[in-house]
Amino acid sequence: MTGGVSREALVAARGRLNTLVDSTGVDATSLADDLAQVTALLDREVSLRRVLTDPSQPGEAKAELVGRLLGGQISGEAVDLVSGMVRARWSTSRDLVDAMEELADTADLIAAEGAGTLDSVEDELFRFGRIIAGAPELRATLSGKDSGEALRSARTGLVERLLGGRVAPTTQRLIARLVLRPRGRSLEAGLESLSRLAAERRNRSVAVVVSAVPLSDGQKSRLAGALGRIYGRDIQLNLDVDPSVLGGISVRIGDEVIHGTVADRLDEVRRRMAG
């Protein structure tokens, strides 16, 4: 989000989504599909999203336009949710599209939460991200810029072959949507964003921990406890083993990195010697 105005609008939209699902029993998966459809429309139609975020236009007029365009195309609940979003103010038109996409992903995660698979989805997203990071050819195949219909179908088929029956349905849906509509992001960045969103759904943060050897259960428990005390909230550890770090661990939470590896210390010595 590019500004405080958009962040406030997103927070309000998240609240309306939660209220809608909790109070009406709407099918969260279907709602996710509807919101993803609107995201694709707004991403494609630049002039439309500019009209819907024009601060000089009354919010009610923009909501009426949404009703005329989308009524009968998506569910009434989705129309109401989108109408509420366009009534709000956004710093840029792009922020509205980003928020719409986040709500679509969140709706799928709510469905996973209801099915009791949210933990699995979070872990599977992280693991697939590590697979992609270590497989340049696969990453290139799934991330190519060509968006022709034949290639889109091929990518959908590849995701099905890779993940079908091996991961939770929500995981496959989220990854397939990301592959088909990356919206300018790398596949790794998109997967990391989805993993973070899943963690936030459970009111905790994700720490990506890289160590030279696997951590014991006791070490993982102590590290999670220490990080929880530092950040004042529960911390989910996503663990990766990389022998090249030589020893110690490296922890990344959001944009903050805590270095504690032998390789990091050697790099620091080299930098000082070079200086």
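This report looks at the largest pocket of a predicted model and at one pair of helices, α2 and α6.

**The pocket**

Let's start with the open space. The largest pocket has a volume of about 660 Å³. Its lining is made up of 25 residues, and those closest to the centre are Asp-98, Glu-102, Ser-193, Arg-196 and Leu-197. Several elements give two or more residues to this lining: α1 (4–24), α2 (28–44), α6 (93–115), α10 (169–180) and α11 (187–201). Of these, α11 provides the largest share, with seven residues.

**The helix pair**

Two of the elements named above also meet each other. How do the axes of α2 and α6 cross? They come within 8 Å and cross at roughly 160°. Angles over 145 degrees count as roughly antiparallel, so α2 and α6 are roughly antiparallel to each other. Their crossing is left-handed.

You can find the contact in the structure by picking out residues on both helices. On α2 they include Ala-32, Leu-35, Ala-36 and Leu-42, while on α6 they include Leu-96, Val-97, Met-100 and Ala-107. Charged residues take part too, among them Asp-43 of α2 and Arg-94 of α6.

**Two sets of residues**

The table sorts the residues of each place by kind.

| Place | Nonpolar | Polar | Charged |
|---|---|---|---|
| Lining of the largest pocket | 10 residues | three residues | 12 residues |
| Contact of α2 with α6 | 14 residues | two residues | four residues |

So which kinds of residue make up the pocket lining? There, 10 are nonpolar, three polar and 12 charged. In the contact of α2 with α6, 14 are nonpolar, two polar and four charged.

Note on methods:
Residues are numbered from 1 along each chain as its sequence is written. This is a predicted model: local features need pLDDT of at least 70, side-chain atom pairs count only at pLDDT 80 or more; totals for chains, interfaces and linings use all residues. Side-chain values use heavy atoms; hydrogens and water are left out. On a 1 Å grid over the protein atoms alone, a cavity is a set of points where a 1.4 Å probe fits but cannot get out, and a pocket is an open set with protein on both sides within 12 Å along at least five of seven lines; lining residues have an atom within 4 Å of a point. Grid points are joined across faces, edges and corners, and a volume is the space filled by probe spheres set on the points. Helices (H or I, at least four residues) and strands (E, at least two) are DSSP runs, numbered from the N terminus. Axes are lines fitted to C-alpha atoms, for helices over the stretch in contact, and angles run from 0 to 180 degrees between N-to-C directions. Angles under 35 degrees count as roughly parallel, over 145 as roughly antiparallel, 65 to 115 as roughly perpendicular and the rest as oblique. A crossing is left-handed if the near helix is turned anticlockwise from the far one by less than a right angle, and right-handed if clockwise. Contact means heavy atoms within 4.5 Å.
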